[in-house]
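Reader: I should like to understand how the terms used for a protein structure are justified. May we go through some of them together?

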Amino acid sequence: MPPLYSDDSVYMKKLLYVLGLTLAFIPAAFANPPATFTEAKVVAKQKIYLDQASSQVGDLYCGCKWTWAGKSGGRIDAASCGYQTRRQQNRAERTEWEHIVPAWTFGHQRQCWKDGGREQCVDKDPVFRAMEADLFNLYPAVGEVNGDRSNFNYGMVSGVAPQYGQCTTKIDFEQRAAEPRNEVKGLVARTTFYMFDRYKLNMSRQQQQLLMAWDKQYPVSAWEKERDRRIAGVMGHGNPFVSGERKWTAGYQPAGGGVEVAAPVKAPAQAAKPTLASAAATGSVVGNRNSKVYHLAEGCPGYSQVSAKNQVAFGSEAEAQAAGYRKAGNCR
């Protein structure tokens with residue numbers, strides 16, 4: 001086969017460039033971020049950490065391997081990381097989904113938390129639900145360490161003897177601080193920057209200084225890049241502090257791009273419900289995010305029973321079916 005002429009080479013390079021740009025937009029176009037924390041845990045297992053249970057990276061705080069169990073849980077292999085239980089044996093044996101930025105931390109910056117705590121936020125605040133289900137902020141961790149970390153800020157912990165065998169994460173219960181193992185200090189710093197930037201949260205100067213130091217001292221690893229790529233495929237965007245598009249500096253002003261979350265869809269008043277025939281024609285169709293089942297305004301007993309936080313409005317039954325929803329079985 002004769003070699004390509006220079007013009008052909010230029011053409012091929014342009015073609016590959018265009019193809020690359022096209023593929024780059026595919027994840028965002030088909031992204032379907034989880035709507036709830038419960039859904040996020042399942043998605044995280046299936047699409048982000050599916051092959052990480054036996055990897056050398058291990059869980060967040062101790063580097064332990066685990067065996068998946070149930071929809072999103074796991075059983076810790078303590079021998080794989082030299083883990084020793086501090087106090088809570090049941091939690092030491094299982095994985096839990098750690099919020100790198102605790103729900104308590106971002107919840108306390110929302111009015112809903114003042115009105116009724118986490119339950120109120122889950123029920124009433126779509127921004128809180130988005131933060132709680134954000135895949136960038138979730139990571140499997142040994143349950144006992146997750147519980148001990150509680151809602152403590154990250155910090156440098158000194159004068160504390162090893163608490164979990166060979167696991168080097170340390171918790172200072174008196175100072176309410178948690179120092180993760182060196183291997184993930186950069187990851188937790190860049191994740192924290194992402195959460196505070198995307199949801200326009202306020203961070204103390206002391207916390208900023210510490211995390212900026214960790215960000216510099218512990219560069220992005222190959223796994224962190226791959227994790228970012230996988231999550232971007234679901235969320236529709238990456239972490240700009242991992243890609244290098246943004247850099248947290250002293251006095252950084254959060255952008256707040258994730259605050260503009262659509263409010264929940266409210267079901268029409270009972271008196272305004274159309275007939276079964278007109279419901280499909282006028283688009284009175286409500287889906288349930290969790291069950292992937294849709295209901296018509298008339299003839300479907302579950303129509304008014306879908307909680308506000310799980311409601312998805314559709315213009316027609318065909319639209320709902322195209323989105324992967326099925327008609328409720330108890331519709332007349």
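**Reasoning from values to terms**

Author: We may begin with Glu132, which, apart from neighbours within four places in sequence, is in contact with Phe37, His99, Phe106, Arg118, Val122 and Leu138. The model is a predicted one, and Glu132 is found in helix H6, residues 126-132.

Reader: Why does Glu132 count as buried?

Author: The relative accessibility of Glu132 is 6%. Buried means under 20%, so Glu132 counts as buried. In the protein chain, 46% of the 332 residues are buried.

Reader: What makes the pairing of the side chains of Glu132 and Arg118 a polar contact?

Author: The distance given for these two side chains is 2.8 Å. A polar contact requires a pair of N or O atoms within 3.5 Å, one able to donate a hydrogen and the other to accept it. The side chains of Glu132 and Arg118 make such a polar contact.

Reader: Why are helices H8 and H9 called oblique to each other?

Author: Helix H8 (residues 185-198) and helix H9 (residues 205-217) pack at about 125 degrees, their axes being 8 Å apart. Angles of 65 to 115 degrees count as roughly perpendicular and those over 145 as roughly antiparallel. The angle of about 125 degrees falls in neither range, and H8 and H9 are therefore oblique. Their crossing is left-handed.

Reader: Which residues make the contact between H8 and H9?

Author: H8 contributes Lys185, Gly186, Val188, Ala189, Arg190, Thr192 and Phe193, while H9 contributes Leu211, Met212, Trp214 and Asp215. Of these residues, six are nonpolar, two polar and three charged.

Terms used. Residues numbered from 1 in each chain as written. Predicted model: local features only at pLDDT ≥ 70, side-chain atom pairs only at ≥ 80, totals over all residues. Heavy atoms only, no water. Axes fitted to C-alpha atoms, helices over the stretch in contact; angles between N-to-C directions. Helix = DSSP H or I, 4+ residues; strand = E, 2+ residues; numbered from the N terminus. Parallel < 35°, antiparallel > 145°, perpendicular 65-115°, else oblique. Left-handed = near helix turned anticlockwise from the far one by under 90°. Contact = heavy atoms within 4.5 Å. Nonpolar A, V, L, I, M, F, W, Y, C, P; charged D, E, K, R; others polar. Buried < 20%, exposed > 50% of the residue type's maximum accessible area, 1.4 Å probe, protein only.
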